[in-house]
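The following paragraphs lead through a single protein chain, from one residue outward to the whole fold. Please keep the sequence and the coordinates at hand while reading.

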Amino acid sequence: VNRKQTSQRRWLRRAMLLLVPALVLAGALQLFQQHISADYGQQQRYVVQPGDTLWQVARAYIPERMDIRAFIYRLEQVNGLKGGIIHPGQQLLIPGR
């Protein structure tokens, strides 16, 4: 085996060591994106009314058998809320059921 072939084999091994994990990561990211897209596709919008609280909104839209605190946390995360404070006229994304 000459030096050029050895160099080419080394390059090919290095390329494969980088390519295989990159392809696995790309596939995982695609699955994650599809999961997120499906979740966002099921979301509804709710316009906050005077006197509404996040707890009341959560009670109206909570999926069956889900803990209300977990759903409130999810609402806060999806809508970028801090401390659960909402205001009349504000639009909230309600995660899919």
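**From one residue to the fold**

Apart from its neighbours within four places in sequence, I68 is in contact with W55, A58, R59 and I62. The model examined here is a predicted one. I68 itself is located in helix α3. Its relative accessible area is 16%, and because the limit for a buried residue is under 20%, I68 counts as buried. One of its partners, A58, lies ten residues away along the chain, and the two C-alpha atoms are separated by 6.9 Å.

The contacts of I68 lead to the pairing of two helices. In general, two packed helices are described by the angle between their axes and the distance between the axes. For α2 and α3, the axes come within 10 Å and cross at roughly 110°. An angle of 65 to 115 degrees counts as roughly perpendicular, and α2 and α3 are therefore roughly perpendicular to each other. On the side of α2, the contact is made by L54, W55, A58, R59 and Y61, and on the side of α3 by I68, F71, I72, L75 and E76. By character, the residues of this contact comprise eight nonpolar and two charged, with no polar ones.

Helix α2 deserves a view along its axis. Which of its residues are buried? They are L54, V57, A58 and Y61. Seen down the axis of α2, these buried residues fall within an arc of 100°, so they line one face of the helix. A general feature of helices accounts for such a pattern: an α-helix has 3.6 residues a turn, so residues three or four places apart point the same way. The face of α2 turned away from the buried side carries R59 and A60, both of which are exposed. The buried residues of α2 pack against β1 (44-47), α3 and β2.

This packing can be set beside the largest nonpolar core, which has 14 residues; L54, V57, I86, L92 and I94 are those that touch the most other members. At least two residues of this core come from each of α2 (54-61), α3 (68-79) and β2 (91-94). In soluble globular proteins, nonpolar side chains tend to be buried together.

The loop between α2 and α3 contains R65. Although R65 is not a glycine, it has a positive phi of about 65°. R65 counts as exposed, at a relative accessibility of 83%.

Strand β1 offers another point of entry through Q44, which is placed in it. At 38% relative accessibility, Q44 counts as partly exposed. Leaving aside neighbours within four places in sequence, Q44 is in contact with Y61, L92, L93 and I94. Q44 and G96 are 52 residues apart in sequence, yet their C-alpha atoms are 7.2 Å apart in space.

The chain as a whole may now be considered. Its secondary structure comes to three helices and two strands, and from the N terminus on the elements run α-β-α-α-β. Among contacts with a separation of 6 or more, 56% are between residues 24 or more positions apart. Of the 97 residues of the chain, 22% count as buried.

Key: Residues numbered from 1 in each chain as written. Predicted model: local features only at pLDDT ≥ 70, side-chain atom pairs only at ≥ 80, totals over all residues. Heavy atoms only, no water. Core = buried A, V, L, I, M, F, W, Y, C linked by side-chain atoms within 4.5 Å. Buried < 20%, exposed > 50% of the residue type's maximum accessible area, 1.4 Å probe, protein only. Helix = DSSP H or I, 4+ residues; strand = E, 2+ residues; numbered from the N terminus. Arc of directions from axis to C-beta. Contact = heavy atoms within 4.5 Å. Axes fitted to C-alpha atoms, helices over the stretch in contact; angles between N-to-C directions. Parallel < 35°, antiparallel > 145°, perpendicular 65-115°, else oblique. Nonpolar A, V, L, I, M, F, W, Y, C, P; charged D, E, K, R; others polar.
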